[in-house]
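Trainee: I have a model open and some questions ready. Can we take them one at a time?

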Amino acid sequence: MKKIVAVALLLVFASSCEDVLDESPYSEISDEQFWLNNGNAESGIAAIYDAMQKTYRTKHYLWGEFRGDSYIASATPTGEALELLTNTLQPSSAGILRWNDLYQMIGRANLAIEKIPQIPSYSQSLLGEAYALRAYAYFDAVRVWGGVPLFTEAISGLDQELIRAKTDGTTILNDVVIPDMLKAEELITQPANKFRFSKTSVWAFQADVYMYLKQFDKAKQVLDKIVASGEYRLTNDRQSWNDMFYNDPDFGGKIMEGPELMMSIRFSLTEDNDRSGVFSLFFAGLPSYYIAPSLENKWIEKFPTDSALWVAKYPGFTPGGFEPDGTTLWGDWRYFDSREEGDPIGEARVAKYQSTNYSPSIDDTDIVLYRYAGILLLLAEAENQLGNKTAAVDLINQIRQARQLPTVNEDDFASVDELENFILDERQLELLSEGKRWWDLIRTDKAVEVMGPINGQTAETLLFPIFQDHLIDNPLLEQTPGYN
């Protein structure tokens with residue numbers, strides 16, 4: 001009977017699988033003993049999501065948020081924070097660059113993709129989730145490093161060749177990511193699920209891939225499917241917007257509910273030992289990051305917080321927010337609810353998730369991957385690139401109206417590039433601290449233009465270096481160009 005040598009690495013299941021582990025020691029669970037029914041398959045998929053928690057608890061933000069222009073260093077930054085902010089990434093930065101958890105996620109997905117079809121009357125939807133999760137991991141690997149060693153088969157013995165050179169990113173996208181995401185769309189049946197890949201979140205992921213590849217027509221097709229599904233709607237008041245993100249033990253505890261939330265990585269204090277990284281990154285007692293003054297000033301210029309300046313800019317329009325005493329809150333309430341109250345510009349932490357410093361050991365903040373407002377603004381970007389200016393402006397105004405802010409007109413924009421920059425600004429404000437800004441700049445080829453004057457960003461260092469220990473362990477790897 002052939003045993004799975006790598007099962008100790010691949011089967012760290014959720015609590016629902018504890019009975020299986022009690023009956024048979026870790027190293028003694030074999031193919032024949034485990035992959036028997038859809039219950040086993042469910043546990044196998046849970047293991048992939050478990051690895052996804054570990055992979056993205058901080059890296060969702062380290063990879064996608066802090067290399068952008070939304071932050072500056074505090075007075076107490078970590079070395080890794082300074083590397084991200086100043087474009088001085090070092091191959092020694094394990095917290096940013098180590099890919100062990102990512103490959104564990106890929107390995108578990110590979111195992112599920114191999115074994116689930118061998119189960120009698122297997123769940124096609126579960127198999128689709130495995131394909132979606134593998135595609136998601138490899139897409140980020142391509143965005144982060146450009147190319148990585150490629151594994152698409154389950155590790156079933158030490159006789160397999162595990163030391164591999166990098167496969168280029170284009171090949172990974174064309175041969176793995178795109179086929180996997182299309183297979184996931186075909187197999188997954190559930191239309192929506194807040195914490196797992198569903199039909200609509202697969203479409204959201206496909207849109208990210210197509211926009212990255214500048215295939216705007218394909219991106220529009222899948223984004224239109226999300227809108228047509230009717231599964232999501234925009235929040236239209238201040239409290240509902242806050243409720244999507246807030247997790248403050250002293251002020252109502254974890255909420256994180258709302259009709260815009262499409263897919264998040266879920267964390268729980270009672271179900272497992274994994275913890276989110278949101279508390280430590282955004283509202284630490286000794287913070288590494290403050291909101292950049294340039295972003296705060298951009299926000300205030302768009303939506304003045306002084307009543308006289310507001311009236312001069314938007315005569316006849318009163319914003320929809322209110323102060324505690326019931327008087328009008330001048331400005332964009334997203335601004336006030338995203339920053340630390342009372343601190344001056346240039347010294348404010350992000351307070352979108354909590355406004356009190358807590359131990360990271362109790363951080364169960366979900367990591368939002370896809371939100372409907374982001375989908376509509378991405379669709380606006382696609383429509384603009386396709387020459388559909390009216391549709392793009394209408395989508396912007398859907399967000400503006402939901403946030404109780406003034407709308408814009410087509411005549412405000414003289415070119416595609418001008419409207420694109422405006423949409424990117426709208427995304428920066430709406431999606432602050434959601435791990436999107438750096439990827440927005442990369443996708444639109446604006447990273448050097450925006451970050452060059454700030455930290456000397458060049459085209460040679462848009463990717464991330466490979467962690468130095470990986471180069472030692474794998475002599476076939478070559479360091480990312482620009483970091484030799």
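Mentor: Yes. Keep in mind that this is a predicted model. Start with the charges.

Trainee: How many salt bridges does a search of the whole structure find?

Mentor: Side chains of opposite charge can pair when their charged atoms come close. Here the cut-off is a Lys or Arg nitrogen within 4 Å of an Asp or Glu carboxyl oxygen. Searching the whole structure on that basis gives a total of 36.

Trainee: Take the salt bridge of Asp-274 and Lys-54. How many residues apart in sequence are the parts that this pair ties together?

Mentor: The two side chains meet at 3.0 Å, N to O. Asp-274 sits in the loop between β4 and α13, while Lys-54 belongs to helix α4, so the contact joins parts whose separation in sequence is 220 residues.

Trainee: Which of the two partners is buried, Asp-274 or Lys-54?

Mentor: Buried means under 20% relative accessible area. Lys-54 has 25%, so Lys-54 counts as partly exposed. At 14%, the buried partner is Asp-274.

Trainee: Where in the chain is Arg-403, the partner of Glu-260?

Mentor: Glu-260 and Arg-403 form a salt bridge, with the closest N and O atoms 2.8 Å apart. This pair links distant parts of the chain, 143 residues apart. Both residues are buried. Glu-260 is in the loop between β3 and β4, and Arg-403 is in the loop between α18 and α19.

Trainee: Which helices does the salt bridge of Glu-430 and Arg-334 tie together?

Mentor: The N to O distance in this salt bridge is 2.6 Å. The partners are 96 residues apart in sequence, so parts distant by that count are tied together. Glu-430 comes from one helix and Arg-334 from the other: α19 and α16.

Trainee: Are Glu-430 and Arg-334 buried or exposed?

Mentor: The cut-off for buried is under 20% relative accessible area. Glu-430 has 0%. Arg-334 has 1%. By that cut-off Glu-430 and Arg-334 are buried.

Trainee: Which residues are linked with Glu-260, Arg-403, Arg-334 and Glu-430 in a network of salt bridges?

Mentor: We have met Glu-260 with Arg-403, and Glu-430 with Arg-334. The network includes these four residues. Also linked in it are Asp-332, Lys-352, Arg-371 and Glu-434.

Trainee: On to the strands. In which sense do β4 and β6 pair?

Mentor: Strand β4 covers residues 261–265, and four bridges connect β4 with β6. Ile-265 stands opposite Ile-367 of β6. The sense of the pairing is antiparallel.

Trainee: How many residues of β4 and of β6 are buried?

Mentor: β6 spans residues 367–371 and is mostly covered, with five of its five residues buried. β4 is mostly covered as well. Its count of buried residues is five of five.

Trainee: Now the surface. Which residues gather in the patch of negative charge?

Mentor: A patch residue needs over 30% relative accessible area and no salt bridge. Glu-418, in helix α19, has 36% and counts as partly exposed. The patch consists of Glu-410, Asp-411, Asp-412 and Glu-418.

Trainee: Lys-214 is not a glycine, so what is its phi?

Mentor: Most residues other than glycine have a negative phi. Lys-214 lies in the loop between α10 and α11. It is partly exposed, with 37% relative accessible area. Its phi is positive, about 60°.

Trainee: Which loop holds Gln-404, with its positive phi?

Mentor: Gln-404 has a phi near 60°, and it is a residue other than glycine. Its relative accessible area is 25%, so Gln-404 is partly exposed. The loop is the one between α18 and α19.

Trainee: Last one. How far apart in space are Ile-119 and Asn-40, C-alpha to C-alpha?

Mentor: Ile-119 lies in the loop between α7 and α8. It is buried, at 3% relative accessible area. Ile-119 and Asn-40 are 79 residues apart in sequence, and in space their C-alpha separation is 9.4 Å.

Note on methods
Residues are numbered from 1 along each chain as its sequence is written. This is a predicted model: local features need pLDDT of at least 70, side-chain atom pairs count only at pLDDT 80 or more; totals for chains, interfaces and linings use all residues. Side-chain values use heavy atoms; hydrogens and water are left out. Patches are made of residues with over 30% relative accessible area and no salt bridge: like charges are joined within 9 Å, nonpolar side chains (Val, Leu, Ile, Met, Phe, Trp, Tyr) within 5 Å. Accessible areas come from the Shrake-Rupley method with a 1.4 Å probe; for residues, only the protein chains shown count as cover. Lys and Arg count as positive and Asp and Glu as negative; His and the chain ends are not counted. The place of a charge is taken as NZ of Lys, CZ of Arg, CG of Asp or CD of Glu. Helices (H or I, at least four residues) and strands (E, at least two) are DSSP runs, numbered from the N terminus. Buried means under 20% relative accessible area, exposed over 50%, partly exposed in between (1.4 Å probe, protein chains only). Two strands pair if DSSP finds at least two bridges between them.
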